[in-house]
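Q: Could you walk me through the charged pairs and the packing in this one? I have it open here and would like to take it piece by piece.

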Amino acid sequence: MAESDLLYPENPRRREEVHHLHQQLLDCLSESFRATDELIEVLNMHLGCRLASIEMNRNGTIKENCDTIIQAVMKIQKELQKVDEALKDKLEPTLYRKLQDIKERETEKIAIVQKVISVILGEATSAASAVAVKLVGSNVTTGIINKLVTVLAQIGASLLGSIGVAVLGLGIDMVFRAILGAVEKTQLQAAIKSYEKHLVEFKSASEKYHHAITEVTNTVKHQMK
């Protein structure tokens, strides 16, 4: 037992909590990588994008991995913006406004996009129209993705950012030393507070992000039946 544990007997429990919270953060990051890759695959296949897949770097830091996702989703947004601008250019103003109207039926929006999507992409399927409707001009590309980017940036800038992803496998004490380099009560409490704060925000943002991507992929599957 560390000398400071004699002074602060709750420290071992706090180390366990830091370890558990670190694993939750990694699980969220891993799922965000998976979901982003799934979205990239859909965009490459149906909207003619040429986006590179991403992979979690097990030897990198939390910040480096957050930055990888941020860069990927910003590239996704840029590609979707190109499609949005092309739709705006090819459609009559009244039809384009219908695409932005949340009260308009999705089937109607898909029918509108189908009128011009082949001109934009050169060749297109009904699935391409569905993907465009689900993503272009929707809150997926504005609110949902922007919120995820904001939370990831905050995590990267926090004291958690410098922690290595692989450090979890080295044991609880190694995780803790990597975070703070000491075992004092106040430092453990600060680490726990930081993890808890960012996890609440990250879980909320990532769940909405994952749900939106699942909706897109399910729509594609339905269109391809």
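Q: Let's start with E215: how exposed is it?
A: In this predicted model, E215 is partly exposed, and its relative accessible area is 35%.

Q: And which residue does E215 form a salt bridge with?
A: The partner of E215 is K134, and the closest N and O atoms of the two are 3.4 Å apart. Because E215 lies in helix α10, which covers residues 185-223, and K134 lies in helix α7, the pair ties together parts that are 81 residues apart in sequence.

Q: What about K134 itself, buried or exposed?
A: K134 counts as buried, at 15% relative accessibility, the cut-off for that being under 20%.

Q: Which residue of helix α5 forms a salt bridge with K134?
A: That is E106, with the closest N and O atoms of the pair 3.3 Å apart. E106 sits in helix α5 (residues 106-114) and K134 in helix α7 (residues 126-135), so this pair ties together parts that are 28 residues apart in sequence. E106 is partly exposed, its relative accessible area being 36%.

Q: How do α5 and α7 cross?
A: Their axes come within 9 Å and cross at roughly 120°, and α5 passes α7 in a right-handed crossing. On the α5 side the contact is made by E106, K109, I110, V113 and Q114, while α7 contributes S126, S129, A130, A132, V133 and K134, so E106 and K134 belong to this contact as well. Sorted by class, the contact has 5 nonpolar, 3 polar and 3 charged residues.

Q: Back to the salt bridges, how many are there?
A: The count comes to 8 salt bridges. One of them pairs E201 with K197, where the closest N and O atoms are 3.8 Å apart.

Q: Where do E201 and K197 lie?
A: Both lie in helix α10, 4 residues apart, which is about one turn of the helix. E201 counts as partly exposed at 26% relative accessibility, and K197 counts as partly exposed at 45%.

Q: Which residues are joined into one network by salt bridges that share partners?
A: E31, R34 and E38 are joined in that way.

Q: Switching to the nonpolar side, how many residues are in the largest nonpolar core?
A: The largest nonpolar core has 66 residues, and L43, I62, F202 and Y209 are those with the most contacts inside it. Helices α2 (11-46), α3 (62-90), α4 (93-100), α5, α7, α8 (140-157) and α10 each supply at least two residues of this core. As general background, nonpolar side chains tend to be buried together in soluble globular proteins.

Q: What is F202 in contact with, leaving aside its neighbours within four places in sequence?
A: With those neighbours set aside, F202 is in contact with L25, C28, L29 and S32, and also with L148, V151, L152 and I155.

Q: One last residue, Q24: buried or exposed?
A: Q24, which lies in helix α2, is buried, with a relative accessible area of 18%. Not counting residues up to four places away in sequence, Q24 touches L199 and K203.

Technical notes. Residues are numbered from 1 along each chain as its sequence is written. This is a predicted model: local features need pLDDT of at least 70, side-chain atom pairs count only at pLDDT 80 or more; totals for chains, interfaces and linings use all residues. Side-chain values use heavy atoms; hydrogens and water are left out. A salt bridge is a side-chain nitrogen of Lys or Arg within 4 Å of a carboxyl oxygen of Asp or Glu. Buried means under 20% relative accessible area, exposed over 50%, partly exposed in between (1.4 Å probe, protein chains only). Axes are lines fitted to C-alpha atoms, for helices over the stretch in contact, and angles run from 0 to 180 degrees between N-to-C directions. A crossing is left-handed if the near helix is turned anticlockwise from the far one by less than a right angle, and right-handed if clockwise. Contact means heavy atoms within 4.5 Å. Ala, Val, Leu, Ile, Met, Phe, Trp, Tyr, Cys and Pro count as nonpolar, Asp, Glu, Lys and Arg as charged, and the others, Gly among them, as polar. A nonpolar core is a set of buried Ala, Val, Leu, Ile, Met, Phe, Trp, Tyr and Cys residues joined through side-chain atoms within 4.5 Å.
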